[in-house]
Amino acid sequence: MSLWLAAGAVNGFLAVALGAFAAHGLKDRLDAQALGWVETGVQYQMFHTLALLAVAWLASREDVQGWSLQLAGWGFLAGCVLFSGLLYLMALTGTRGLGVVVPLGGLAFLAGWVGLLVTALRV
């Protein structure tokens, strides 16, 4: 099993499902700010789903391996959980205190992109 392909598939599924759920099931239940958080979470999750699929493709190549590619995958996955996941949780529960942790997800995304850059420079 390819961890990164599976992670990409799960994140893509969740992004589409949560986006549809927010658009159809939550639009009358959440205020504009909370809906905005869900929309932002879905956008970032879908962008990084594509990045995870790129990591999966690169990981399948024998000439592209190493710590930097793993950093990219784990950074993108952690960002999906911490950034998007916490935005969803804030929107659905109204717990504003989680907002202080959300930037850690953004840092994880950035670490993923740095990992991908280092991988590109090493190939």
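## A tour from S84 outward

Start by selecting S84, which at 0% relative accessibility counts as buried. This serine is found in helix 3. Keep in mind throughout that the model on screen is a predicted one.

With S84 still selected, add G8. The two residues are 76 apart along the chain, and their C-alpha atoms are separated by 14 Å.

**The whole chain**

Now zoom out and colour by secondary structure. The chain has four helices and zero strands. Read from the N terminus on, its elements run α-α-α-α. Taken along the principal axes, the C-alpha atoms fill a box of roughly 50 × 25 × 20 Å. How much of the chain counts as buried? Of its 123 residues, 38% do. S84 is buried too, with a relative accessibility of 0%.

**The cavity**

Next, look inside. The count of cavities of 30 Å³ or more comes to one. The largest cavity has a volume of about 40 Å³. To find the place, select L18, F21, L26, V38, Y88 and L92, which line this cavity. Show them as sticks and hide the other side chains.

Which elements give two or more residues to this lining? They are helix 1, spanning 3-26, and helix 3, spanning 67-93. Helix 1 gives the most, with three residues. Sorted by class, the lining has six nonpolar residues, no polar ones and no charged ones.

**The start of helix 3**

Move along helix 3 to W67, whose place is in that helix. Is W67 buried or exposed? W67 has a relative accessible area of 56%, so it counts as exposed. The cut-off for that class is over 50%. In the same helix, S84 has its place, but with 0% relative accessibility S84 falls in the buried class.

Add L3 to the selection and draw a distance from C-alpha to C-alpha. W67 and L3 are 15 Å apart in space, while 64 residues separate them in sequence.

**The nonpolar patch**

Switch to a surface view and select V81, L82, L104, L107 and L110. Together these residues make a nonpolar surface patch of about 460 Å². The elements that give two or more residues to the patch are helix 3 and helix 4, the latter covering 102-122. Helix 4 gives the most, with three residues.

Pick out L110 from this group. Its place is in helix 4. L110 is exposed because its relative accessible area, 53%, is over the 50% cut-off.

**The salt bridge**

For the last stop, turn the surface off and select R61 and D63. Why might two such side chains be worth viewing as a pair? Side chains of opposite charge can pair when their charged atoms come close. R61 forms a salt bridge with D63, and the closest N and O atoms are 2.7 Å apart. How many salt bridges does a search of the whole structure find? The search finds one.

Check the surroundings of R61 as well. R61 has a relative accessibility of 28%, so it counts as partly exposed. That class lies between the buried limit, under 20%, and the exposed limit, over 50%.

**Selections to save**

- Cavity lining: L18, F21, L26, V38, Y88 and L92.
- Nonpolar patch: V81, L82, L104, L107 and L110.
- Salt bridge: R61 with D63.
- C-alpha pair at 14 Å: S84 and G8.
- C-alpha pair at 15 Å: W67 and L3.

Technical notes: Residues numbered from 1 in each chain as written. Predicted model: local features only at pLDDT ≥ 70, side-chain atom pairs only at ≥ 80, totals over all residues. Heavy atoms only, no water. 1 Å grid on protein atoms, 1.4 Å probe; cavity = no way out; pocket = protein on both sides within 12 Å on 5 of 7 lines; lining within 4 Å. Points joined across faces, edges and corners; volume = space filled by probe spheres on them. Nonpolar A, V, L, I, M, F, W, Y, C, P; charged D, E, K, R; others polar. Patch = residues over 30% accessible without salt bridge, like charges linked within 9 Å, V, L, I, M, F, W, Y side chains within 5 Å. Areas by Shrake-Rupley, 256 points an atom, 1.4 Å probe, with all protein chains shown as cover. Salt bridge = Lys/Arg side-chain N within 4 Å of Asp/Glu carboxyl O. Buried < 20%, exposed > 50% of the residue type's maximum accessible area, 1.4 Å probe, protein only.
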